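I sat down with this entry to look up charge, overall build, core and a handful of single residues, and I note each in turn below.

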Amino acid sequence: MHMRRRAFLSVVCGAVAWPLAAAAQQSINKKRLAIFSPSEPSADLHEHSKTKAWRALFAELGRLGQIEGQNLKVERYGREQNTSGPEDLATEIVRSNPDVIYVVGPGLLFFKKLTSRIPIVVITGDPVKQGIAESLAHPGGNFTGVTPDAGPSIYGKRIALLREIIPTMSKLGCLGLRMQWHGPVTGPTIRAAAETAGLPLAVSLLEIGTGEVGYRAAVESISRDGANAVMVVDSPETFQNGTLIAKLLGDAKLPAIFTFTESVEAGGLMAYSFEFIDLYKRVANNIDAILRGAKPGDIPIYQVTKFELSLNLKTAKQLGLSVPPGLLVSADKVIE
């Protein structure tokens, strides 16, 4: 009886110990992905996000076998974590030493200063101009990712589209993120495009985490400076606040071109936009490749080639604008 009891206990204890050991082993094997997106709420950086692109990223990671809570630990650094500024947040992430960092938007230059070792996947403007890649085909360092930057001509194209619907445009307002505008890509490229088009600029710049009062002041400033059309510069910040920006510009009777179709759905006049979901799926593939041992410097950076024009006819009518038939025919998406 005594022997039987001991044998039974050893079986039970073994059965308890086995899942514990397996769980411990699995947590040891979990790779860590840190997401840096200080403009977005952490709740959006999830598989159940209200943003389609984030849902697509996690679905693609799952399809590739990188499953949060199983073999992947995801650490989110969103708006709530950005209490003392994006540079401090970047420092905190690098200090925690994750296996890979996904950087959304213009904060990548902080990471460039902080680490040449941790693999970093980015979605950003011209990576070569920003000094994080030798070329798109062979980045060469610890960065890879995707860029919606199709070169300087894209801003010229947006100005030309605005001019088609507002031939009397005499001053262009620009609403964008300060740290992006003063970087090596966005500000200089837009200034050059405006100069080529013979347009003076009225520029209003925002900080990460700007609230409604700040956006209102920025739009009022553009209006006061005499702009009669506006380009909303793409960033996670302007994407996150697209509905608010569209409303404020509509109230100010300022026609605008956006970078995101969602802003046109929310009442903006027009957008010349790229396919976000495709980019986020490509990001997921980059993350997966790095977690399986690929070097970021060997993974080509994908550059967007396809853009879509969307128009909101209701907004055009409210602004007293008639949409030229040629522009209407060339639109990929028309909101009546």
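**Charge.** I counted 36 positive and 32 negative side chains in the protein, and I found the centres of the two sets 5 Å apart. I should record at once that what I am reading is a predicted model.

**Confidence.** I looked up the pLDDT next, and the protein averages 91, with 92% of the residues scoring at least 70. Two stretches need a caution in my notes. Over residues 8–13 the pLDDT stays under 50, and there the model has zero contacts beyond four places in sequence. Over residues 15–27 the pLDDT likewise stays under 50, and for this stretch I found one contact beyond four places in sequence.

**Overall build.** I noted 14 helices and 13 strands in the protein, and a C-alpha trace that spans about 100 × 40 × 40 Å along its principal axes. The exposed surface comes to about 15,500 Å², of which carbon and sulfur atoms supply 55%, while 50% of the 336 residues count as buried. When I took the contacts between residues at least 6 apart in sequence, 68% of them turned out to join residues at least 24 apart.

**Core.** Which residues touch the most other members of the largest nonpolar core? I found that they are Leu33, Trp54, Leu57, Tyr102, Met270, Tyr280 and Ile287, in a core of 59 residues. Helix 12, which covers residues 276–291, gives the largest share of this core, with eight residues. Apart from this core lies another one of 20 residues, and I listed Ala202, Tyr215, Ala218 and Phe258 among its members.

I then followed Met270 outward, leaving aside its neighbours within four places in sequence, and its contacts include Leu161, Leu162 and Ile165, as well as Ala256, Ile257 and Phe258. Further along the chain, Met270 is also in contact with Leu309, Ser310, Leu311 and Leu327.

**Ser263.** Is Ser263 buried or exposed? I entered Ser263 as buried because its relative accessible area is 3%, under the 20% that I use as the limit. Ser263 sits in helix 11, residues 261–265, and beyond its neighbours within four places in sequence I found it in contact with Gly242, Ala246, Phe258 and Gly268.

**Thr115.** I placed Thr115 in the loop between helix 4 (108–114) and strand 4 (120–123). Although a loop residue, Thr115 counts as buried, with 9% relative accessibility. Not counting residues up to four places away in sequence, Thr115 touches Val94, Ile120 and Asn142. Of these partners I checked the spacing to Asn142, which is 27 residues away in sequence but 8.4 Å away in space, C-alpha to C-alpha.

**Met179.** I located Met179 in helix 6, residues 178–181. Why does Met179 count as partly exposed? The relative accessible area of Met179 is 28%, and so it falls between the limits of 20% and 50%. Beyond four places in sequence, Met179 touches Pro86, Pro106, Gly107, Phe110 and Ile208; the C-alpha atoms of Met179 and Ile208 are separated by 8.6 Å, with their positions 29 residues apart along the chain.

**Glu308.** I found Glu308 in strand 12, residues 308–312, and I noted it as partly exposed, with a relative accessible area of 31%. Setting aside residues up to four places away in sequence, Glu308 touches Ala271, Tyr272, Ser273 and Asp332. Glu308 and Tyr272 are 36 residues apart along the chain, and their C-alpha atoms are separated by 5.5 Å.

**Positive phi values.** I looked up two residues for their backbone angle. Asn97 has a phi near 55°, a positive value in a residue other than glycine, and it lies in the loop between helix 3 (86–96) and strand 3 (100–104). At 37% relative accessibility, I entered Asn97 as partly exposed. Lys253 also has a positive phi, near 55°, and is likewise a residue other than glycine. Where does Lys253 lie? I traced Lys253 to the loop between helix 10 (242–251) and strand 9 (256–258), and I marked it as exposed because its relative accessibility is 55%, over the 50% limit.

Definitions and conventions
Residues numbered from 1 in each chain as written. Predicted model: local features only at pLDDT ≥ 70, side-chain atom pairs only at ≥ 80, totals over all residues. Heavy atoms only, no water. Core = buried A, V, L, I, M, F, W, Y, C linked by side-chain atoms within 4.5 Å. Buried < 20%, exposed > 50% of the residue type's maximum accessible area, 1.4 Å probe, protein only. Helix = DSSP H or I, 4+ residues; strand = E, 2+ residues; numbered from the N terminus. Contact = heavy atoms within 4.5 Å. Areas by Shrake-Rupley, 256 points an atom, 1.4 Å probe, with all protein chains shown as cover. Lys, Arg positive; Asp, Glu negative; His and termini not counted. Charge placed at Lys NZ, Arg CZ, Asp CG, Glu CD. pLDDT = per-residue confidence, 0-100.
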